[in-house]
Amino acid sequence: AFVAVGAYTVAMLTHHLGWAYIAAFPCAIIASALVGLVFGLPALRIRGFYIALSTMAAQFIIIWLISSGGNITGGFIGLAVPPPQFGNIVINTEKAFFYLIMVVMVLMTFLSKNLVRMKLGRAFIAVRDNDTAAQFMGINVFYYKLLAFMIASACAGAAGALYAPYLGMLTPGHFSFEESIWYLGYIIVGGMGSITGVYFGVIFFVILKY
């Protein structure tokens, strides 16, 4: 759902308003983080399996809104996304997209690795390991859970912002519930809480799918 928010934000800004991709990209990240905030506020007051059930609602609500968006989102007909352009360089080939995605992926991996080493990252780890103990240590558990939810949503939005121009034409079918299950599978197989492990989870499932 949050990948879809990022993808459609880029698509609508570039298609309808003629924005440059480099300007639409950060807007997609911000939009996804804000939508994550909206769904995170009620969801993070509960724990465990119930969080998964409540956030699952985001998938159906957001995709329904996109499907019912008419000319704004293109609905089931689809919305064309122009290729990214940086000066005279147009990203319109598989090889060019590969380099663009790799640059963003390396940058976000670097930021994620450094986030873990910061005070913020240590608070995340404490809440992940035992939120009750973290609360006794003076950590605002709800605040850090919400912040983690927003950061995760922002990362998903960045992925969507890259996915949209790669597809060239967006439809709600590209963001199905099945895709959400695949994303979850990548993380579980790669190892929960492991940044490097996510890559191995993706590689494993991509080989398995194709």
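The following conversation goes through the cavity, a pocket, a surface patch and some single residues of a predicted model.

User: Before anything else, what kind of model is this?

Analyst: It is a predicted model.

User: Let us start with empty space. How many cavities of 30 Å³ or more are there?

Analyst: The count comes to 1 cavity of 30 Å³ or more. The largest cavity holds about 40 Å³ of space.

User: Which residues line the largest cavity?

Analyst: Its lining consists of Ala1, Val3, Ala4, Gln59, His174, Phe175, Ser176, Glu179, Ser180 and Tyr183.

User: And which helices supply at least two residues each of that lining?

Analyst: Two helices do so: H1, which covers 2-15, and H8, which covers 177-190. The largest share of this lining comes from H8, with 3 residues.

User: How many of the lining residues are nonpolar, polar or charged?

Analyst: The lining of the largest cavity has 5 nonpolar residues, 4 polar residues and 1 charged residue.

User: Moving on to pockets. How much space lies in the second largest pocket?

Analyst: The second largest pocket contains about 190 Å³ of space. Val5, Tyr8, Thr9, Met12, Val35, Phe39, Ile62, Leu65, Ile66 and Thr73 line this pocket.

User: Which helices are involved in the lining there?

Analyst: At least two residues each come from H1, from helix H2 (21-43) and from H3. With 4 residues, H1 gives the most to the lining of the second largest pocket.

User: What is the mix of classes in that pocket?

Analyst: In the lining of the second largest pocket, 8 residues are nonpolar and 2 are polar, while no charged residues take part.

User: Now the surface. Which residues form the nonpolar patch?

Analyst: The nonpolar patch is formed by Leu53, Met56, Phe60, Phe177 and Ile181, and together these residues have about 440 Å² of accessible area. Helix H3 (49-67) and H8 are the elements that give two or more residues to the patch. The largest share, 3 residues, comes from H3.

User: Take Met56 from that patch. Where is Met56 found, and why does it count as partly exposed?

Analyst: Met56 is found in helix H3. Met56 counts as partly exposed because its relative accessibility is 31%, which falls between the limits of 20% and 50%.

User: Changing topic: how many salt bridges are there?

Analyst: The count comes to 1 salt bridge. The side chains of Arg128 and Asp129 form this salt bridge, with 3.2 Å from N to O. In general, side chains of opposite charge can pair when their charged atoms come close.

User: Are those two residues buried or exposed?

Analyst: Asp129 counts as exposed, at 55% relative accessibility. Arg128 is exposed as well, with a relative accessible area of 52%. Both are classed this way because exposed means over 50% relative accessible area.

User: What about Gly121, is it buried or exposed?

Analyst: Gly121 is buried, because a relative accessible area of 3% is under the 20% limit. This residue is found in helix H5, residues 119-129.

User: How far apart in space are Gly121 and Ala11?

Analyst: Gly121 and Ala11 are 32 Å apart, C-alpha to C-alpha, and 110 residues apart in sequence.

User: One last residue. Where is Leu37 found, and what is its relative accessible area?

Analyst: Leu37 is found in helix H2. Leu37 has a relative accessible area of 25% and is therefore partly exposed.

User: And what separates the C-alpha atoms of Leu37 and Leu13?

Analyst: A distance of 21 Å separates the C-alpha atoms of Leu37 and Leu13, and the two residues are 24 residues apart along the chain.

Definitions and conventions
Residues are numbered from 1 along each chain as its sequence is written. This is a predicted model: local features need pLDDT of at least 70, side-chain atom pairs count only at pLDDT 80 or more; totals for chains, interfaces and linings use all residues. Side-chain values use heavy atoms; hydrogens and water are left out. A salt bridge is a side-chain nitrogen of Lys or Arg within 4 Å of a carboxyl oxygen of Asp or Glu. Buried means under 20% relative accessible area, exposed over 50%, partly exposed in between (1.4 Å probe, protein chains only). On a 1 Å grid over the protein atoms alone, a cavity is a set of points where a 1.4 Å probe fits but cannot get out, and a pocket is an open set with protein on both sides within 12 Å along at least five of seven lines; lining residues have an atom within 4 Å of a point. Grid points are joined across faces, edges and corners, and a volume is the space filled by probe spheres set on the points. Ala, Val, Leu, Ile, Met, Phe, Trp, Tyr, Cys and Pro count as nonpolar, Asp, Glu, Lys and Arg as charged, and the others, Gly among them, as polar. Patches are made of residues with over 30% relative accessible area and no salt bridge: like charges are joined within 9 Å, nonpolar side chains (Val, Leu, Ile, Met, Phe, Trp, Tyr) within 5 Å. Accessible areas come from the Shrake-Rupley method with a 1.4 Å probe; for residues, only the protein chains shown count as cover.
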